[in-house]
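Welcome to this short tour. Please open the structure in your viewer and keep the selection tool at hand.

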Amino acid sequence: MATDDLLDRIRALQKLTPGEAKIADFLSRRFPETVFENVTTISQKSGVSKATVVRFISRLGYSNFYEFRNQQRHEVVSRLESPIQRYSLKKKQLLEEGEDILGQNFAYIMQNLRHTHAQTDQKTFSKVARLIAEPKGHLFIMGQRTSYALAYLFHVLLGYLRPRITLLDPQTSVLPDRLVDVTKHDTLFVISHRRYATLTRKVTKTFADAGARIILLTDSEFSRLSPLAHLQLVVPSDGLSIFQSFCAASALLESLVIAALQFCDESVFERSEKAEKLYESFGTFSEGKRTAASRAEKLRERIKGQSSKTGKREKTGT
């Protein structure tokens, strides 16, 4: 358990200063509620300075407080899988942190966005963007339960850029029909967040057995699907709610679509124009006087702009 690991780390220090002893007592006595504390609140509640808290966390072997809290949260939440099991912890946090729920939740979202940007390797991000824009082979997108909403959004956005893209239906009965023709030339983009769906692993394993490329978007570096993935993007999903937060994941998917534009060829213009004419024919949208031609032209300008930036970076070696 997380508390056992924490106590083992504290015992390994052998000798504690009076201030460190106060922190150790607070962390062990108030666990697991302490996984929602920050440096300031631990300082206040244990009666020591914030600098003492930071030094103590460093002595325990963590590179920073974020790593310490993340590991504790991950281990706790992984055992408290269902929202109702996390309810008492989250309710206590809400009561202690005040009435500005909007501000608290936005603070979590901004933190997730900052850490997503900081921890995302740009080379990996670029490889994923290039791969999802590649017209060869078939691109499959999958997510179960709450992740299905993200998969659906990603599928709709990418549908403007490339052909041969399939959103795997969450209905189990039709999945075998979708997977029967999967080959090594295909790609699976799979989105998996806690609580990790069993069906997602079965489908991913099917693609892996076929030799297909697998891109994983998940909320943990130690996801059960990580060993099967060729490329992996990790997005934190900590939130104020008893549910996971998906804002950072949504932002990353949107960014991938924007980045994919620079790898699209001229066929995307024709595809966009055909799509817009079909939308108008079916009355899909009600957008006033904006025409299919103007939308296609806007897309053309956006792609040219992306291509121009890419060419400049290649010339300068950046």
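Look first at how two of the helices cross: the crossing of H9 and H12 is right-handed. Keep in mind as you go that this is a predicted model.

**Stop 1: two helices side by side**

Select residues 146-158, which make up helix H9, and residues 247-260, which make up helix H12. Their axes come within 10 Å of each other and cross at roughly 15 degrees. Angles under 35 degrees count as roughly parallel, so H9 is roughly parallel to H12.

Now show the side chains where these helices meet. On the H9 side, pick Leu150, Leu153, Phe154, Leu157 and Leu158. On the H12 side, pick Ala249, Ser250, Leu253, Leu256 and Val257. What classes of residue make up the contact of H9 with H12? Nine are nonpolar, one is polar and none is charged.

**Stop 2: two helices at an angle**

Next, select helix H3 (residues 39-46) together with helix H4 (residues 50-59). Here the axes are 8 Å apart, and the helices pack at an angle of about 110 degrees. Angles from 65 to 115 degrees count as roughly perpendicular, so that is how H3 is placed relative to H4.

To see the contact, display Val39, Thr40, Ile42 and Ser43 in H3, then add Lys50, Val53 and Val54 in H4. Colour them by class and you will find four nonpolar, two polar and one charged residues in the contact of H3 with H4.

**Stop 3: aromatic rings**

How many aromatic pairs does the structure hold? There are six. Begin with Phe140 and Phe207, whose rings form an edge-to-face pair. Their centres are 5.2 Å apart, and the angle between the planes is 65 degrees. Phe140 sits in strand S1 (residues 139-143) while Phe207 sits in helix H11 (residues 198-209), so this pair ties together parts that are 67 residues apart in sequence.

Turn on a surface for the next step. Are these two rings' residues buried or exposed? Phe140 is buried, with a relative accessible area of 6%. Phe207 is buried as well, at 0% relative accessibility.

Now move to Tyr279 and Phe285, another edge-to-face pair. This time the centre-to-centre distance is 5.1 Å, and the planes are 75 degrees apart. Tyr279 is partly exposed, with a relative accessible area of 24%. Phe285 is also partly exposed, and its value is 44%.

Before leaving the rings, select Tyr62, Phe65 and Phe68, which form one aromatic cluster.

**Stop 4: two arginines in loops**

Go back to strand S1 and follow the chain into the loop between S1 and H9, where you will meet Arg145. Its phi is near 55 degrees, a positive value in a residue other than glycine. Arg145 counts as exposed, at 73% relative accessibility.

Then find Arg164, in the loop between H9 and strand S2 (165-167). Arg164 also has a positive phi, near 50 degrees, and this too is a residue other than glycine. With a relative accessible area of 43%, Arg164 is partly exposed.

**One last look**

To finish, show H9 and H12 again, with their right-handed crossing, and then H3 and H4, which are roughly perpendicular. As you compare the two views, remember that two packed helices are described by the angle between their axes and the distance between the axes.

Key: Residues numbered from 1 in each chain as written. Predicted model: local features only at pLDDT ≥ 70, side-chain atom pairs only at ≥ 80, totals over all residues. Heavy atoms only, no water. Axes fitted to C-alpha atoms, helices over the stretch in contact; angles between N-to-C directions. Helix = DSSP H or I, 4+ residues; strand = E, 2+ residues; numbered from the N terminus. Parallel < 35°, antiparallel > 145°, perpendicular 65-115°, else oblique. Left-handed = near helix turned anticlockwise from the far one by under 90°. Contact = heavy atoms within 4.5 Å. Nonpolar A, V, L, I, M, F, W, Y, C, P; charged D, E, K, R; others polar. Phe/Tyr/Trp six-rings, centres within 6.5 Å; stacked < 30°, edge-to-face > 60°. Buried < 20%, exposed > 50% of the residue type's maximum accessible area, 1.4 Å probe, protein only.
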